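Let's take a walk through this fold, one piece at a time. Have a look at the picture, and then we'll start with a small detail.

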Amino acid sequence: VEQLGEAIAILGTPRAPDSPSHFLHVNTGFTQLFGFTASELVGQSAEVIWGPMTDRDRMAWLRSRIREREAARAVVVLYTKDRSPLWTEIASTPVQHEADAIHHVVTLRDVTSRKQFEDALASEKRKLQTTLAAIADAVVTVLADGRVEFVNAAAQQLLGIELMDAY
């Protein structure tokens, strides 16, 4: 675990339904990504890296998967030791430790740049659709697989269709 290039945490599976997982181990990659040392986290609730922008519903879903001893993947905002937000992709895999103990090996990856790119792309798409909607000429955009992506009002009138019929 120490030699892997990724941030890894090993979490204990909570016994009670609403109990948080707790840190059993974090590797050097985790320390580099989040700023916490193993001695600061071992035994602590995994919620120590949550913050105001952490999606509680998504984390409840992730917690339920861990409790059910199932693998899970999610992207959420977690927080570094200095409380900086970090878009993080979490991949959790259950591992049998002892006869009845299940631990979860959790890989954490910083996807902040990817999220910023996706947000910028979505913003540009909204701007483009606003511009296309305002054009007086008929505009229809079609995806590579032939599905209609956008129809402006002029195209709806010209083709005699309702907006929902176009999709």
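Val140 has Val151 in β7 as its bridge partner. Those two belong to a pair of antiparallel strands, β6 (residues 140-142) and β7 (residues 148-151), joined by three bridges. Strands here are DSSP runs of E with at least two residues, helices are runs of H or I with at least four, and both are numbered from the N terminus; two strands count as paired if DSSP finds at least two bridges between them. Together β6 and β7 make a hairpin with five residues in between, and Gly146 in the turn has a positive phi of about 95°.

A quick word on the source: this is a predicted model, where local features need pLDDT of at least 70, side-chain atom pairs count only at pLDDT 80 or more, and totals for chains, interfaces and linings use all residues. Residues are numbered from 1 along each chain as its sequence is written, and side-chain values use heavy atoms, with hydrogens and water left out.

Now for the sheet. It's an open one with five strands, ordered β2-β1-β5-β4-β3 and paired antiparallel. β2 (22-26) and β3 (72-79) sit at the edges with a single partner strand each, so one side of each has no neighbour in the sheet. Within the sheet, β1 (residues 7-12) and β5 (residues 102-110) run antiparallel and share six bridges, and Leu11 stands opposite His104 in β5.

Helices come next. α4 (residues 112-134) packs on the sheet, where it touches β3, β4 and β5 (contact means heavy atoms within 4.5 Å). Helix α3 (residues 56-67) lies across β3, β4 (85-96) and β5.

Terms used
Axes fitted to C-alpha atoms, helices over the stretch in contact; angles between N-to-C directions.
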